[in-house]
Amino acid sequence: MALRASRLLARLPSPDLCRLASEAVCVPRPAGGILFSRGDVADTLFIVASGHVGIFLGEPGDYACLAGTACSDDLLGEAGVVGVAAHPTSAQMLAAGELVAVPAASMRRLMDERFEAVLALMGEMSLRIRRQVREIMDLKMKTAPQRLAGHLAMLTPVQQGPAEVRLPYEKKLLASQLGMQPETLSRALMKLQGLGVRNSNGSAVFRLRDVALLRQYASEDLGGE
């Protein structure tokens with residue numbers, strides 16, 4: 001288990017990391033697999049190693065209640081670490097992957113012993129809050145094509161020039177995450193064709209002519225276009 005690669009645990013001394021690793025387990029999950037449901041006992045902290053996870057305000061799979069997604073190195077189940085007895089949300093795999101499951105009690109013990117672990121967890125939670133605020137602002141301030149452009153650019157590590165992006169989940173889920181109906185997503189994609197975005201009908205692969213151009217477009221003030 002590559003716990004050392006996690007932002008949360010990267011600065012821990014080796015003895016602490018080894019002890020935590022001895023209590024953690026790798027958890028492979030298929031697409032559609034449920035990690036936890038709202039109201040379940042919050043006794044495990046999950047670190048996403050691969051795959052994509054949907055976070056739902058209600059029942060798993062209810063896309064009308066999709067609050068966001070988690071991918072590599074993101075945390076799930078922090079509620080149990082900070083003393084909340086039950087999960088306030090649900091989590092379900094959108095694409096097959098693997099997670100590292102750490103007992104919440106083990107993480108709490110480590111935080112009692114290592115203040116840097118407290119700071120690391122606070123930093124990760126702050127990062128998530130900032131990302132959620134940015135997503136809310138985008139829903140309010142950005143047009144549908146801008147939201148799609150920004151999301152596609154986010155799915156690739158390429159900073160400029162061409163790139164190919166494979167959507168890790170269904171397009172209807174993408175539409176829900178971006179706060180639009182599927183037909184609005186289709187119109188947004190047609191708009192982005194002028195910026196070099198290509199996607200065959202029904203395909204999960206998007207070909208981007210210039211990632212930097214999409215990022216620039218996503219950040220522009222279009223005055224409510």
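pLDDT is the predictor's confidence in each residue, on a scale from 0 to 100.

**Figure 1. Confidence along the protein chain of this predicted model.** Across the elements of the protein chain, the mean pLDDT is highest, at 95, in strand S2, which covers residues 34–36, and lowest, at 77, in H3. The protein chain as a whole has an average pLDDT of 87, and 96% of the residues reach a score of at least 70. Where pLDDT is low, the predicted coordinates should not be read in detail.

**Figure 2. The centre of the largest pocket.** The largest pocket encloses about 1200 Å³ of space. Its lining is made up of 49 residues, of which Ala67, Gly68, Arg131, Gln132 and Glu135 are the closest to the centre of the pocket. By residue class, the lining of the largest pocket consists of 23 nonpolar, 15 polar and 11 charged residues.

**Figure 3. Elements that supply the lining of the largest pocket.** At least two lining residues come from each of strand S3 (44–56) and strand S4 (66–70), and likewise from each of helix H3 (115–141), helix H4 (144–154), helix H5 (171–177) and helix H7 (211–219). H3 provides the largest share of this lining, with 11 residues, and H3 is also the element with the lowest mean pLDDT in the protein chain.

**Figure 4. Packing of H4 and H7.** The axes of H4 and H7 lie 8 Å apart, and the two helices pack at an angle of about 140°. H4 is therefore oblique to H7, since only angles over 145 degrees count as roughly antiparallel. The crossing that H4 and H7 form is left-handed.

Key:
Residues numbered from 1 in each chain as written. Predicted model: local features only at pLDDT ≥ 70, side-chain atom pairs only at ≥ 80, totals over all residues. Heavy atoms only, no water. 1 Å grid on protein atoms, 1.4 Å probe; cavity = no way out; pocket = protein on both sides within 12 Å on 5 of 7 lines; lining within 4 Å. Points joined across faces, edges and corners; volume = space filled by probe spheres on them. Helix = DSSP H or I, 4+ residues; strand = E, 2+ residues; numbered from the N terminus. Nonpolar A, V, L, I, M, F, W, Y, C, P; charged D, E, K, R; others polar. Axes fitted to C-alpha atoms, helices over the stretch in contact; angles between N-to-C directions. Parallel < 35°, antiparallel > 145°, perpendicular 65-115°, else oblique. Left-handed = near helix turned anticlockwise from the far one by under 90°.
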